[in-house]
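Student: I would like to go through this model by question and answer. Please keep each answer short and end it on the value or name I ask for.

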Amino acid sequence: MQIKAKKHFGQNFLKDKSIKNKIIQSIPDSKKIVEIGPGLGDLTHGLLAKCEQLVCFEIDSDLIEHLKSRFSHELEGKMQLINADALKAWEELSKQPYFLAANLPYYVATNIILKALRDKNCSGFVVMIQREVAQKFCAKDAEQNSLSLLSCLYGECELLFDVEPECFEPAPKVTSSVIKLVKNKEPDCDIAGFESFLKSCFAAPRKTLAKNLLAIAQKERILRIFEQLGIKESIRAHELNLALFLKIFDEVRDAKRQ
């Protein structure tokens, strides 16, 4: 039976063997790997050699039947196949420490990456996503943004390589990229609060940071914090490093408690 990609699931099946091999090679050996959206199972086959336990979450019931047939032997041992939306089944996904591998549909990519970052049981990820989103997570210096700074809380997010539309069936309208992050630190801050704070900081990138912060703090307090930290009033968000953002966040939060 020929399986066709379903548009409402954002499916585009990777057909380029060299790209598949590059993705597999970029994934570290792990005790447990979670794969989101195994599709036809081409990456799945390679992942089995990289871990002791492989758990695959697939939302498409038709693909579940295909995968059951293709991996009937493996499902009796080291592989588990779950028919579920990974975002809705995250508690099941995150029961034990794992490394995440995925070819993510564009419409859920950012949410899943943020989930993986926040998840203490996730040791890192290699995921393929839309290049525009990949560049945001991996941005440095003048291009940095709230997503890249959140990534920096946990480790260095690398853009490994691009994947052109013709590598898929059907071909998407945009270029994809594979990114990698191996967690090497655990942030010591209120993550949810810091995420919200960064959104305010980058709400209008062309405005100064001080003006963006007016949405969450009084001007007098902002200028006092800037003076204490040696920050110019004219500075824009992309000009600051992570350490200074964390210091400003702590000061703003302390001011609200007073």
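The turns below cover the overall chain, one helix, salt bridges, one strand residue, and the internal spaces of this predicted model.

Student: How many helices and strands are in the protein chain?

Tutor: The C-alpha atoms fill a box of roughly 65 × 35 × 30 Å along the principal axes. Of the 258 residues, 50% count as buried. The secondary structure of the chain comes to 11 helices and nine strands.

Student: What share of the contacts with a separation of 6 or more joins residues 24 or more positions apart?

Tutor: Contacts here are heavy atoms within 4.5 Å. Among those in the protein chain with a separation of 6 or more, the share from residues 24 or more positions apart is 64%.

Student: Which residues of helix H10 are buried, and what arc do they cover?

Tutor: Helix H10 spans residues 219-229, and its buried residues are Arg-221, Ile-222, Ile-225 and Phe-226. They lie on the same side of H10, because the arc they cover around the axis is only 135°.

Student: Why can residues that are not adjacent in a helix point the same way?

Tutor: The reason lies in the helical repeat. Residues three or four places apart point the same way because an α-helix has a repeat per turn of 3.6 residues.

Student: Which exposed residues sit on the face of H10 turned away from its buried side?

Tutor: Exposed means over 50% relative accessible area. On the face of H10 turned away from the buried side, the residues in that class are Glu-220 and Glu-227.

Student: Which residue follows H10, and what is the sign of its phi?

Tutor: The residue after H10 is Gly-230. Its phi is near 70°, and the sign is positive.

Student: How many salt bridges are counted?

Tutor: The rule asks for a side-chain nitrogen of Lys or Arg within 4 Å of a carboxyl oxygen of Asp or Glu. Applied to this model, the count is 10.

Student: Is Lys-50, the salt-bridge partner of Asp-29, buried or exposed?

Tutor: The closest N and O atoms of Asp-29 and Lys-50 are 3.7 Å apart. The pair links distant parts of the chain, with Asp-29 in the loop between helix H1 and strand E2 and Lys-50 in the loop between helix H2 and strand E3. Asp-29 has 62% relative accessibility and so counts as exposed. Lys-50 has 15% relative accessibility, so Lys-50 counts as buried.

Student: Which helices does the salt bridge between Arg-118 and Glu-195 link?

Tutor: The side chains of Arg-118 and Glu-195 meet at 2.7 Å, N to O. These residues are 77 apart along the chain, in helices H5 and H8.

Student: What are the relative accessible areas of Arg-118 and Glu-195?

Tutor: The two partners fall on either side of the 20% limit for buried residues. Arg-118 is partly exposed at 39%, while Glu-195 is buried at 10%.

Student: Which residues do salt bridges with shared partners join into one network?

Tutor: Some salt bridges have partners in common. The residues joined in this way are Lys-20, Asp-42 and Arg-70.

Student: What is the distance between the C-alpha atoms of Gln-53 and Ile-33?

Tutor: Gln-53 lies in strand E3 and counts as partly exposed at 27% relative accessibility. Beyond its neighbours within four places in sequence, Gln-53 contacts residues including Lys-31, Ile-33 and Gln-80. Ile-33 is 20 residues away along the chain, and the C-alpha separation is 6.4 Å.

Student: How many residues of the lining of the largest cavity are charged?

Tutor: The structure holds one cavity of 30 Å³ or more, and the space in the largest cavity is about 60 Å³. H2, strand E5 and strand E6 each give two or more residues to its lining. By class, 10 lining residues are nonpolar, one is polar, and the number charged is one.

Student: Which residues are closest to the centre of the largest pocket?

Tutor: The largest pocket holds about 540 Å³ of space. Its lining has 20 nonpolar, eight polar and five charged residues, and E1, E2, H2 and E3 each supply at least two of the lining residues. Of the 33 lining residues, the closest to the centre are Ile-36, Gly-37, Glu-58, Asn-103 and Pro-105.

Definitions and conventions:
Residues numbered from 1 in each chain as written. Predicted model: local features only at pLDDT ≥ 70, side-chain atom pairs only at ≥ 80, totals over all residues. Heavy atoms only, no water. Buried < 20%, exposed > 50% of the residue type's maximum accessible area, 1.4 Å probe, protein only. Helix = DSSP H or I, 4+ residues; strand = E, 2+ residues; numbered from the N terminus. Arc of directions from axis to C-beta. 1 Å grid on protein atoms, 1.4 Å probe; cavity = no way out; pocket = protein on both sides within 12 Å on 5 of 7 lines; lining within 4 Å. Points joined across faces, edges and corners; volume = space filled by probe spheres on them. Nonpolar A, V, L, I, M, F, W, Y, C, P; charged D, E, K, R; others polar.
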